[in-house]
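User: Please take a close look at one part of this structure, namely the empty space inside it and what lines that space. A single connected account would suit me better than a list.

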Amino acid sequence: MLPRFVKNYTPLAGDRYPRSRSRYTYLAAGFALYLTCLYLFGVIEPGSISHYLSPPPSPTPPPLPPPIQLPPLYSEYHNEELRLPQQNWNKTQPSENERFLFLAGHARGQGWGNALQEHLLNAYLAYRSGRSFVMSNFTWNDDGSLYSKYNDRDIPSQIPYSVLIRGPIVGGPMPHGDPAPLAVSKVYFDHVCPTKHSATALTDTFARLFRDIDSPCVELERWSGSVYGHNEVFGVRGSLEKLWPAFAASPIITHFGYSTLIEVAFDMNRDLFLPKGSAAPLLSPLPYTTNIERYPMIPGLMAIHVRRGDYEVHCTALKRWAEDFVSVNTFSTLPDQFVVPAHGELPDDTDANAAYYRRRCFPDVGEMAAKVREVLRSPAARGVDRIYIMTNGRADFVDELKAALRQVHEWASVTSSRDVVLTWEQKFVAQAVDQLVAQRAQILIGNGFSTLTSTAVTMRLANGLPVESTRFW
């Protein structure tokens with residue numbers, strides 16, 4: 001279409017010629033004169049004239065909502081597990097000398113301590129059985145989702161164990177001279193073992209059973225549950241003591257280690273744990289050797305495990321169930337043992353029973369300060385001058401606890417999990433950083449009902465730290 005305003009254009013009916021620009025110029029000049037008169041007669045202030053002559057400000061757009069940052073999925077760790085050299089993807093079935101064990105009823109929807117203590121024993125069972133341990137993931141939810149909700153926060157539904165730990169338990173090499181078969185990924189197991197034979201018939205019995213099964217591919221079906229459950233093993237006093245010497249001497253423990261991701265987090269925050277000006281080398285670049293050589297005791301450090309959050313309710317439930325300490329925390333050689341009240345001694349509905357469990361499971365600030373003071377007087381705590389609080393407590397609670405602890409002792413430093421600086425990837429596996437610190441501290445005051453404490457105690461006992469250095473609320 002041609003433009004309407006061209007030379008010799010004749011307007012149609014109802015049309016008008018465009019107004020001349022000079023008319024608008026006159027209007028603007030008149031309006032300026034009008035404002036000047038108002039100013040001269042004192043009607044408006046001089047600074048406000050520009051308000052009338054300036055164009056209205058552009059509206060400010062509403063701020064964009066912050067982008068949602070989803071948790072990491074750790075795909076590179078999963079891919080590394082698929083590249084383990086012991087996995088031959090050209091095979092479609094096991095070789096004659098290959099034998100595998102997958103325990104499909106492994107823990108799900110449980111915390112790190114619960115999952116790891118079971119994972120360690122599952123790996124040991126495969127080792128004792130002469131079979132390759134088939135690795136599962138640290139699993140919150142295995143319904144196919146990438147993310148799950150925990151306390152209204154997004155978390156990864158599954159995390160490869162190699163994100164947190166290293167060693168034979170996640171496919172690393174066995175010690176020199178040990179011919180035990182190496183662990184493999186679940187994906188590889190499914191690739192070479194499309195057909196599995198299930199066993200439904202604890203360690204000695206299963207080991208003999210699995211050795212005698214001719215099939216190379218054994219899987220305990222998911223419905224069969226955990227081989228090492230709370231009611232059968234971890235929650236039963238003394239259930240691990242007879243197994244302990246052989247378990248502690250196995251490569252599952254002697255060559256247990258933390259992943260590079262966790263060791264880098266430790267190195268980044270080493271000033272929170274090590275003495276000021278420590279000449280100790282960075283941990284993560286060191287070539288891997290053994291558990292005891294890599295993670296020696298940190299002199300002068302006391303670590304205390306202070307559970308909050310869900311433990312306020314959990315500790316009340318422990319009273320109702322008449323629960324004991326868990327796992328190795330019940331070993332008779334350890335101090336501060338818990339005694340479950342005999343039936344009828346402290347009835348469930350009495351305040352005395354509730355107070356008894358609360359003091360040991362959910363102590364208040366004053367009770368914790370008193371316990372730290374008591375432990376500092378022990379010979380095992382000689383030279384302790386720094387304290388690290390492993391906690392999921394809120395900032396105001398941690399500040400209150402720090403203030404109370406400063407009244408107990410003249411510390412060189414008082415720090416907590418809230419002071420640890422982490423990357424986004426490390427944030428979702430931070431519990432392993434606390435476990436590493438607890439394992440190495442000169443003194444640990446742990447929560448005897450916690451499996452995070454018990455896993456740290458497992459490593460302390462295996463690495464020969466004095467039993468007197470491990471205490472409980």
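**Pocket and cavity linings**

Analyst: The lining of the second largest pocket is made up of 10 nonpolar, 12 polar and 5 charged residues. The model is a predicted one, and the description that follows should be read with that in mind. This pocket holds about 560 Å³ of space, and 27 residues line it in total. Those that lie nearest its centre are His78, Asn137, Thr139, Gln158 and Ile159. Two or more lining residues come from each of α3 (75-82), β3 (137-139), β6 (158-160) and α5 (186-192), so named because helices and strands are numbered from the N terminus. Among the elements, α3 supplies the largest share of this lining, with 4 residues.

From the open pocket we can turn to the enclosed spaces, for which a general point is useful: rolling a probe the size of a water molecule over the atoms shows where empty space is left.

The largest cavity has a volume of about 110 Å³. Its lining consists of Gln117, Leu120, Leu121, Phe234, Leu240, Leu243, Trp244, Phe247, Ser327, Val328, Thr455 and Thr458, and the elements that each contribute two or more of these residues are α4 (112-129), α8 (244-249) and α18 (451-462). Helix α4 gives the most to this lining, with 3 residues. By class, the lining of the largest cavity comprises 8 nonpolar and 4 polar residues, with no charged ones; Gln117, Ser327, Thr455 and Thr458 are counted as polar because that class takes in the residues outside the nonpolar and charged groups.

In the second largest cavity there is about 60 Å³ of space, and α4 again has a leading part, since the largest share of this lining, 3 residues, likewise comes from that helix. The residues lining the second largest cavity are Ala123, Ala126, Tyr127, Arg131, Phe133, Pro168, Ile169, Met174, Pro181, Leu182, Ala183 and Ile252. They divide into 11 nonpolar, no polar and 1 charged, and the charged residue is Arg131, because arginine is placed in the charged class.

Taken together, the pocket lining includes 12 polar and 5 charged residues, whereas the lining of the largest cavity has no charged residues and that of the second largest cavity has no polar ones. Helix α3 gives the largest share to the pocket lining, while α4 does so for the largest cavity and for the second largest cavity.

Note on methods: Residues numbered from 1 in each chain as written. Predicted model: local features only at pLDDT ≥ 70, side-chain atom pairs only at ≥ 80, totals over all residues. Heavy atoms only, no water. 1 Å grid on protein atoms, 1.4 Å probe; cavity = no way out; pocket = protein on both sides within 12 Å on 5 of 7 lines; lining within 4 Å. Points joined across faces, edges and corners; volume = space filled by probe spheres on them.
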